[in-house]
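Reader: Could you walk me through one part of this protein in detail? I'd like a close look at where the two domains meet and what sits around the ligand.

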Amino acid sequence: MDQRSTKSLDELRETFKSGKTKTFEWRKAQLQSLLKMVTDQENKCFQALYDDVGKSKIEAFKDEVGPSKKAVVHALSCLKNWMAPKKAGIRLLFFPAKGEVVPEPYGLVLIMTSWNYPLDLALEPLIGAIAAGNAVVIKPSEMAPATSLFLANTIPQYLDNTAIKVIEGGPDVSQQLLQQKWDKIFYTGSPRVGRIVMTEAAKHLTPVTLELGGKCPIIFDYSSISSNLKVAIRRLTSAKWGACCGQACIAIDYVLVEEKFASSLVDLLKTLVRRLYGENIETLGNISRSVNKHHFDRVCNYLKDPAVAASIVHGGSYDEKNLLIEPTILLNPPLDSVVMNEEIFGPILPIITLKNIQESIEFINMRPKPLALYAFTHNNKFKKRIVSETSSGSLLFNDVLIQYICDELPFGGVGQSGMGKYHGKYSFDAFSHEKSVLYRGYFPDLSARYPPWNAFKLEF
Ligand code: NAD
């Protein structure tokens with residue numbers, strides 16, 4: 001980190017100390033400017049997202065520009081209420097007393113983001129950090145350089161540069177930033193780097209939110225949803241290949257289905273995939289590409305394992321020049337293969353068959369806790385079992401991905417998929433300390449509560 005960046009951090013600390021960022025007026029004005037920025041610069045956002053991962057305009061609006069705008073509008077409409085102290089019902093024992101919970105900003109916070117949703121993953125936490133009254137540094141992902149540059153150039157034009165700064169760079173810059181003392185670190189990315197972030201944060205006892213990843217399964221209870229199969233297949237397809245080509249933290253990673261329905265499921269998926277994305281790699285269209293050669297190779301390498309290659313029932317080809325991988329379906333790849341043990345983060349969909357769909361609970365519980373678990377079923381008893389017997393960041397029945405934009409619900413992981421939560425009011429909370437404040441008077445004043453702790457006090 002250069003001298004200029006270090007000076008920037010000093011400036012941000014001074015701004016926070018001045019109290020400016022704590023006022024309702026400042027927070028409101030910044031959120032309004034952020035909304036204006038995304039609205040005015042929509043086309044530049046689309047261009048940057050296309051340059052970084054080949055996202056189409058529609059996908060970029062649906063998954064990044066739209067959710068960011070929605071989040072800032074929601075924050076603006078709730079800001080006053082979020083900031084207000086919340087009255088605590090104090091029991092008679094403390095009478096006379098009044099208690100309240102007062103949210104206060106942490107101070108200077110660091111937001112580190114991932115490349116797959118490089119705009120929304122920077123702006124969603126930024127909205128929470130501003131709403132909560134913090135000074136902020138955003139470190140965008142170097143692997144989405146167009147969006148990183150867009151944020152670095154555009155944010156200073158719209159937001160208060162004495163309180164909010166973008167610092168660009170790769171892992172070296174991240175490492176240097178992590179050496180600084182922050183009041184909160186909000187990190188989105190891989191569990192591997194999540195560990196580094198948490199280790200560095202521990203040196204200053206800095207609280208962290210870690211938004212990580214992992215394998216997100218879908219339980220496909222084929223027979224119970226037979227009347228809604230068409231919609232179910234469409235949703236499954238969109239959550240694998242329609243979300244940045246599988247490069248989404250909550251994209252479906254693999255499917256669990258009963259053995260007897262596997263071939264019907266494969267046929268339905270193949271038909272839809274062919275219709276949506278073309279017959280083969282030459283005609284492949286409407287799909288995002290791999291972010292870079294490293295990730296392209298990583299995903300292609302899964303298919304080079306002969307046992308995995310033997311399980312391909314659709315697709316399997318790739319185009320190195322354009323970093324495109326054909327939507328690929330595997331049927332029962334070995335459970336000890338790499339593709340079944342790493343987060344795929346690409347357009348490969350393994351289907352794993354079970355004798356009975358109820359076994360899926362055990363299958364999931366034998367693996368790290370997912371960020372998202374999906375279940376397509378109309379069986380209410382089974383739903384209850386899934387809710388009570390599995391653990392995941394979120395659980396969605398009969399739909400996919402939309403939990404991400406549901407501001408009333410917290411978004412975050414558990415176990416290896418992360419810690420902490422955000423979105424809506426939860427974003428405000430992620431960047432606030434809830435201070436308990438108790439107001440008391442001097443009457444009554446009982447001697448029993450004061451030393452000396454003599455026998456008389458025992459009788460009292
Ligand atoms: P990554 O961990 O490689 O990078 C994320 C950030 O960490 C970047 O800003 C990068 O500069 C920084 N970084 C990289 N190496 C570092 C190092 N050695 N030391 C310090 N900082 C370093 O993650 P990624 O490849 O950008 O993202 C993919 C992962 O993120 C997947 O696991 C995915 O599931 C997860 N993810 C999670 C969410 C969520 O909301 N939970 C959202 C998107 C992505």
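Author: Let's start with what counts as touching: two residues are in contact if their C-beta atoms, placed from the backbone, lie within 7 Å. Keep in mind that this is a predicted model.

The protein chain splits into domain 1 (3-212 + 422-435) and domain 2 (217-416). Taken over C-alpha atoms, the centres of domain 1 and domain 2 are 30 Å apart. Where they meet, 20 residues of domain 1 are in contact with 17 residues of domain 2. On the domain 1 side of that meeting, helix α4 (residues 57-83) gives the most, with 6 residues. Sort the residues on this side of domain 1 by class and you get 9 nonpolar, 6 polar and 5 charged.

Now for the ligand. Both domains have a hand in its surroundings: domain 1 (3-212 + 422-435) and domain 2 (217-416) each supply at least three residues to the shell. There are 29 residues around the ligand, and the ones that come nearest are Ser-174, Gly-189, Val-193, Gly-213 and Cys-249. As for elements, α7 (171-179) and α8 (191-203) are the ones that give two or more residues to the shell. Of these, α7 gives the most, with 3 residues. And what kind of residues make up the shell around the ligand? By class, 12 are nonpolar, 13 are polar and 4 are charged.

So much for the tour: on one side you have domain 1 meeting domain 2, with α4 giving the most from domain 1, and on the other a ligand shell that draws on both domains.

Technical notes
Residues are numbered from 1 along each chain as its sequence is written. This is a predicted model: local features need pLDDT of at least 70, side-chain atom pairs count only at pLDDT 80 or more; totals for chains, interfaces and linings use all residues. A residue is near a molecule or strand if its C-beta atom, placed from the backbone, lies within 6 Å of it. Helices (H or I, at least four residues) and strands (E, at least two) are DSSP runs, numbered from the N terminus. Ala, Val, Leu, Ile, Met, Phe, Trp, Tyr, Cys and Pro count as nonpolar, Asp, Glu, Lys and Arg as charged, and the others, Gly among them, as polar. Domain bounds come from an automatic or database domain assignment.
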